[in-house]
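Subject: Handing over the structure

Hello,

I am passing on the structure we talked about, so please open it alongside this message. My notes follow below it, and I suggest reading them with the model on screen.

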Amino acid sequence: MSEIQQEEALEAVAVIGMAGCYPGARNLTEYWDNLCKGVESISTFSNEEHETPVWAPQDTPWIKAKGILEDTEMFDATFFGYSPEEAKTMDPQHRLFLERGWEAVEQAGYNPDAYDGSIGVLAGVSTNTYVLAGLGTQGRGGPAMFTDKDFLATRLSYKLNLTGPSVVVQSACSTSLVAVCMAAQSLLNYQCDMALAGGASVWVPVKSGYPYQPGWPMSPDGHTRAFDAQGRGFVPGSGVGAVLLKRLSEAQEDGDNIWAVLKGFAVNNDGSAKIGYTAPSARGQAEVIATAQQLASITPETVTYVEAHGTGTELGDPIEISALTEAFRASTDRVGYCAIGSVKTNIGHLDAAAGIASFQKAVLALKHARIPPSLHFDKPNPKIDFASTPFFVNTELRDWNPDGPRRAGVNSFGIGGTNA
């Protein structure tokens, strides 16, 4: 990749509104509180409570744990102009994203009906397990209209009268962070004046665990131990998040409440230069991190926190640290100065919503000038030599007051190789 010159830095993008609900947290206030307290919001189910999905693979052991959302059946149908019958047929992922999308716009102080600019929507969802469970298949409008992921973004645009680009983004685990990047790009290309971005992942039945076999990337014991020697994989979870973005200069001019500033971003794919389709690539990850830094026109030494993808897998964690180290080593030889963590240790891996959960954690950390602890880290993965890297795993609530600006990086990598 050719060197990106200082004068080619991207125009900055402001985060002016946020909304989300995550395991153990009905809103972002509760989310931040749980993160600061080091709460592991993973639910475990007794044999009597556990609901094995009808689509579950046969003869596969199930771990009876997951990060769940409470009250996923609740939805303010009347507010969005839906009848109870129509609402019942809708994928809960769509229902919850409608609510969080509205909340993000409202929280920023805007009324879509009174706003004379255009607002885009870029977002994605996980597999529709609601319809796989035999729900959401009947009702006025036909099954596809209310259950398919294709309609997530346009449904929100229609209900809120948003006229900017309205596109569903799908790149597996990196979906919602890619959506943030694409929303920012739409703003920089002047395709819209504000943009909503995010994702949703809601697993049905709610009180169901996940199948486990040795060699799979899921945890054998219901805990996600990112970067730890005992890390054997992640716990799945449900969550929904949305952010409202705007060009920084206009956000400042309009007096918007600015949560954080997005200075640089990048998206790429690993290609085929790796051991397999599902495997991560250090080269691909290093390049996307370096490109984001260069487009932001910052030096890695000024980044003092990284919210990592951090899946807690034996293969993935060392590759991520290797990629980060390669990108940072382009301009600094310092060691142990940059904190690192993974929200997956708190709430599990949220699939299509994993990136937005990480992004919102980083934004909240910037806003509050504190770095929450990453959980379940006792002894580093033997394939990671942290002492020779710029990074240390942050295991306690830490005040965040560096000599210069607070700057964070956020990683999200999808199976199939799309990195953000």
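A charge counts as sitting over a ring if NZ of Lys or CZ of Arg is within 6 Å of the ring centre and within 35 degrees of the ring normal. In this model, which is predicted, R334 lies over the face of Y337, at 4.3 Å from the ring centre. A lysine takes up this kind of position as well, since K159 is placed over the face of Y82, 4.2 Å from the centre of the ring. The ring of Y82 also belongs to a cluster, in which ring pairs link Y82 with F75, F79, F80 and W102.

The count of aromatic pairs comes to ten. One of them joins F227 and F386, whose ring centres are 6.3 Å apart and whose planes meet at 80°, and because planes over 60 degrees apart count as edge-to-face, this pair is edge-to-face. The two partners come from distant parts of the chain, 159 residues apart, with F227 in the loop between β8 (210-211) and β9 (239-247) and F386 in the loop between β14 (370-371) and β15 (391-393). F227 is buried, with a relative accessible area of 0%, and F386 is buried too, at 12%. F386 also pairs with F377, where the ring centres lie 6.1 Å apart and the planes stand at 90°, so this pair is edge-to-face. F377 is likewise buried, with a relative accessible area of 18%.

Next, please look at helix α9, which runs over residues 282-296. At 1.5 Å a residue its 15 residues should span 21 Å, and its end C-alpha atoms are 21 Å apart, which agrees. Is α9 mostly covered or mostly uncovered? It is mostly covered, as twelve of its 15 residues are buried, among them G284, V288, I289 and L295. The parts that cover these buried residues include β11 (268-269), α10 (316-328) and β18 (418-419). At the N-terminal end of α9, S281 acts as a cap, with a side-chain oxygen 3.4 Å from the backbone nitrogen of R283, while after the helix comes S297, whose phi is positive, near 60°.

Finally, there are the charged pairs. Side chains of opposite charge can pair when their charged atoms come close. The structure holds 16 salt bridges, and one of these is formed by D193 and R247, with the closest N and O atoms 3.4 Å apart. D193 lies in the loop between α7 (175-188) and β7 (194-201) and R247 lies in strand β9, so this pair ties together parts that are 54 residues apart in sequence. D193 counts as partly exposed, at 24% relative accessibility, whereas R247 is buried, at 1%.

Strand β9 also holds K246, whose side chain meets that of D256 in a salt bridge at 2.8 Å, N to O. Here D256 is buried at 12% relative accessibility, and K246 is buried at 1%.

A further salt bridge joins D399 and R370, with the closest N and O atoms 3.3 Å apart; it links strand β16 (residues 398-399), which holds D399, to strand β14, which holds R370, and the two residues are 29 residues apart. D399 is exposed, at 53% relative accessibility, and R370 is partly exposed, at 33%. Elsewhere, E99, R100 and E103 are joined into one network by salt bridges that share partners.

Best wishes

Key:
Residues are numbered from 1 along each chain as its sequence is written. This is a predicted model: local features need pLDDT of at least 70, side-chain atom pairs count only at pLDDT 80 or more; totals for chains, interfaces and linings use all residues. Side-chain values use heavy atoms; hydrogens and water are left out. Rings of Phe, Tyr and Trp (its six-membered ring) pair if their centres lie within 6.5 Å; planes under 30 degrees apart count as stacked, over 60 as edge-to-face and the rest as tilted. Helices (H or I, at least four residues) and strands (E, at least two) are DSSP runs, numbered from the N terminus. Buried means under 20% relative accessible area, exposed over 50%, partly exposed in between (1.4 Å probe, protein chains only). The expected span of a helix is 1.5 Å times one less than its number of residues. Contact means heavy atoms within 4.5 Å. A polar contact is a pair of N or O atoms within 3.5 Å; within protein, one must be able to donate a hydrogen and the other to accept it, and residues adjacent in sequence count only if both atoms are side-chain atoms. A salt bridge is a side-chain nitrogen of Lys or Arg within 4 Å of a carboxyl oxygen of Asp or Glu.
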